[in-house]
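Colleague: Let's go through this model together. I will ask for the reasoning behind each label.

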There are 2 protein chains.
Amino acid sequence: MIYLDNAATTLQKPQCVIDAVVRAMNSMGNASRGAHSSSLSASRVVYDTRCKIAKLFGCSRADHVVFTCNSTEALNIALGGLFVSGDHVITTDLEHNSVLRPLYRLEKEGIISLNFVPADVKGRPDYSAFETLIRRNTKAIVCTHASNLTGNMIDLERVGRIARDHGILLVVDASQTAGAVPIDMERMNIDVLCFTGHKGLMAPQGTGGLCIREGVEIRPFKVGGSGVHSYDKEQPSAYPTRLEAGTLNSHGIAGLSAALDYLNEVGIETIRSKETMLMQRFYEGVSRLDGITVYGDFDFERTAVVTLNIGDEDSAIISDVLYEDYGIATRPGAHCAPRMHEALGTTEQGAVRFSFSWFNTEEEVDEAIRAVAELAES
Amino acid sequence: MIYLDNAATTLQKPQCVIDAVVRAMNSMGNASRGAHSSSLSASRVVYDTRCKIAKLFGCSRADHVVFTCNSTEALNIALGGLFVSGDHVITTDLEHNSVLRPLYRLEKEGIISLNFVPADVKGRPDYSAFETLIRRNTKAIVCTHASNLTGNMIDLERVGRIARDHGILLVVDASQTAGAVPIDMERMNIDVLCFTGHKGLMAPQGTGGLCIREGVEIRPFKVGGSGVHSYDKEQPSAYPTRLEAGTLNSHGIAGLSAALDYLNEVGIETIRSKETMLMQRFYEGVSRLDGITVYGDFDFERTAVVTLNIGDEDSAIISDVLYEDYGIATRPGAHCAPRMHEALGTTEQGAVRFSFSWFNTEEEVDEAIRAVAELAES
């Protein structure tokens, strides 16, 4: 199988990640729940991983790195815990349902009012709208770092400047970029960064989290056992415990820790260069074919994603044939990005997404190009 | 190290569990997010595991098995999604903070009123109170299956009958019993069963869930990507998707699946017999020593937990010495069970918990007895 669905989850993990999970499953107790070596070793790995994440994303405090089971949970925590009645929130047409649905819920409950920065037919956000949509009660801009559908990135430095100039928060969904693209919370003026472990970070499923800038207050989402302050009726107020109830996935976090070491060793820029090269090679190979529509903007910074359709064929059928006849794994359909499909005009057809990882090869890309060419001809 | 902190997390996992996680990390895509073999294999493992969990706990529908990252999350989902303004809830003094804090929060928000079934100095619940506390607006009894502090179980068949007779829901925290004690939602009349994977089920950390009886409606807690109905503004209404947003921890669930096979192969009754034998052996060894106070009721069904103090020594000091001088891992302090400590009169001292697993041996128990005897003498 040629696996080109890395924007859903990176199938291949570095061997050191798997080894770390195995070691953890053979030795780790419950983090922060005792003073014996197995509990302490879990606590240590968890703390070290907070430090590594803080360093990777430019978060000033390791204790403001909160672990969750994926970025959806991180986004639910952030969006559920930041806003109060009467707040106004700005988001974009590029968002995934993990941003949209929490915001729609808050809007329906009458807590927030919501405006969207529109995207054009190439999936590009209208940057001027970030500023013109701001009202006196705007509390935050919530936006993705990159569309999971087109791969197009949002210029966070630009959006961050707007947020800072108007004294509003910037909450970022980095699901598509964490590990794959350099992120600096300081430089980009990000207040809350939500990430997942199992995509660009090449860590196990069941890992993720959020990084919170000093001074940003997020109310608890889940509450429960914390291993400290057991006699308080409320969740302890200090981060990260405030947002982490119950036993952490230390086995997965040990894998994340190893993945972060691997990323540092190889270098995110090196990984990004290779992934960009693969994406570009594929784009050049398919975009010149007749009958192919490629979506998104290829003149601006992007992740290693190419999304296309062949004629007016349903994307699910194309994706099935690619897998059944060519052994190429892609992802068709809506990709949980309804407003992006509306902007692209692909609500009915969906689109076939090819997404590349560090472990893909040029030969795999060329095979995928040949497969698309054959399908476009037939 | 002699690991006797299995009520916090079972340190030793069956080898087949580790192997299954490794296989999953080498082959699994994102469950329900595509139609290629790696995504389908993840979907299949997840669905098979739902079936196995449903069978284990007597849940009539596999699609009413919802996966979470631990039982705290399961309890937050259940308690956060069941009640409406004006509901009355009955719970017990035996509860862990994973039950108490979600309920305290609902009480503080003015949504529910709350009453506690008291526990006596042996940690036994007053069964008559389950019935006398019921009011016309009582919506549910929320109770643990076994105290994480004393190991004493609650007779769920008895409580379940009371709940059924009065037409109220029974929500059970099975963190201490799932995998270690037979549970039958039908026979026990349980409406919602919350469990964790990393304790008695001997699965990886980052796994757990809830089983929901047909007809019980729980509102979504987290919302986001679901892989289906992407154009709906709200989370899809069908279980399990209603309560599962974002990418599942399929790697961990693969381990849980293998753990369930292992449990079935060995037999829960066999495991329970051995664990009970170890617990009983330890209890008999330490309870006759001078200066030892053992907590809880040993004349009633219980898990493999023995909790004690030595004289009036702080439990944290005893636990430290046990580890430093004897290499025995236990857990001291409050164990996130504040009301249970109040009932036992151990709020200041805490208590040292010894908890046994399938992988412990009689020799280890005897060493632990010798260590406690030496400490009691000195």
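Modeller: This is a predicted model. The domain assignment splits chain A into domain 1 (2-11 + 268-377) and domain 2 (15-266).

Colleague: What separates the centres of domain 1 of chain A and domain 2 of chain A?

Modeller: Over C-alpha atoms, the centres are 27 Å apart.

Colleague: How many residues does the contact take from each domain of chain A?

Modeller: Domain 1 of chain A gives 29 residues and domain 2 of chain A gives 32. Each counts because its C-beta atom lies within 7 Å of one across the boundary. On the domain 1 side, helix H9 (268-287), strand E10 (305-310) and helix H11 (338-344) of chain A each give two or more residues. H9(A) gives the most, with five. By class, that side has 14 nonpolar, eight polar and seven charged residues.

Colleague: Now the two chains. How many residues does the contact take from chain A and from chain B?

Modeller: Chain A contributes 63 residues and chain B 62. On the chain A side, the elements giving two or more residues are H1, helix H2 (37-57), helix H3 (71-82), helix H4 (97-108), helix H8 (250-266) and helix H10 (315-326). H4(A) has the largest share, six residues. This side of chain A has 23 nonpolar, 29 polar and eleven charged residues.

Colleague: How do you know that the copies meet through the same surface?

Modeller: Of the interface residues of chain A, 98% are also interface residues in chain B, so the surface is the same.

Colleague: What makes the two copies related as by a two-fold rotation axis?

Modeller: A rotation of 180 degrees superposes chain A on chain B, with 0.0 Å of shift along its axis and an RMSD of 0.0 Å. The relation is therefore that of a two-fold rotation axis.

Colleague: Why are H1(A) and H1(B) called roughly antiparallel?

Modeller: Start with the angle. The axes of H1 (residues 15-27) of chain A and H1 (residues 15-27) of chain B cross at roughly 160 degrees and come within 10 Å. Angles over 145 degrees count as roughly antiparallel. The pair therefore earns that label. H1(A) passes H1(B) in a right-handed crossing.

Colleague: Which residues make the contact of H1(A) with H1(B)?

Modeller: H1(A) uses A:Ile18, A:Val21, A:Val22 and A:Met25, while H1(B) uses B:Ile18, B:Val21, B:Val22 and B:Met25.

Colleague: What classes do the residues of that contact divide into?

Modeller: Ile, Val and Met count as nonpolar. The contact of H1(A) with H1(B) therefore has eight nonpolar residues, no polar and no charged.

Technical notes: Residues are numbered from 1 along each chain as its sequence is written. Chains are lettered from A and ligands numbered from 1 in the order in which they are written. This is a predicted model: local features need pLDDT of at least 70, side-chain atom pairs count only at pLDDT 80 or more; totals for chains, interfaces and linings use all residues. Axes are lines fitted to C-alpha atoms, for helices over the stretch in contact, and angles run from 0 to 180 degrees between N-to-C directions. Helices (H or I, at least four residues) and strands (E, at least two) are DSSP runs, numbered from the N terminus. Angles under 35 degrees count as roughly parallel, over 145 as roughly antiparallel, 65 to 115 as roughly perpendicular and the rest as oblique. A crossing is left-handed if the near helix is turned anticlockwise from the far one by less than a right angle, and right-handed if clockwise. Two residues are in contact if their C-beta atoms, placed from the backbone, lie within 7 Å. Domain bounds come from an automatic or database domain assignment. Copies are superposed by least squares on the C-alpha atoms of residues with pLDDT of at least 70 in both.
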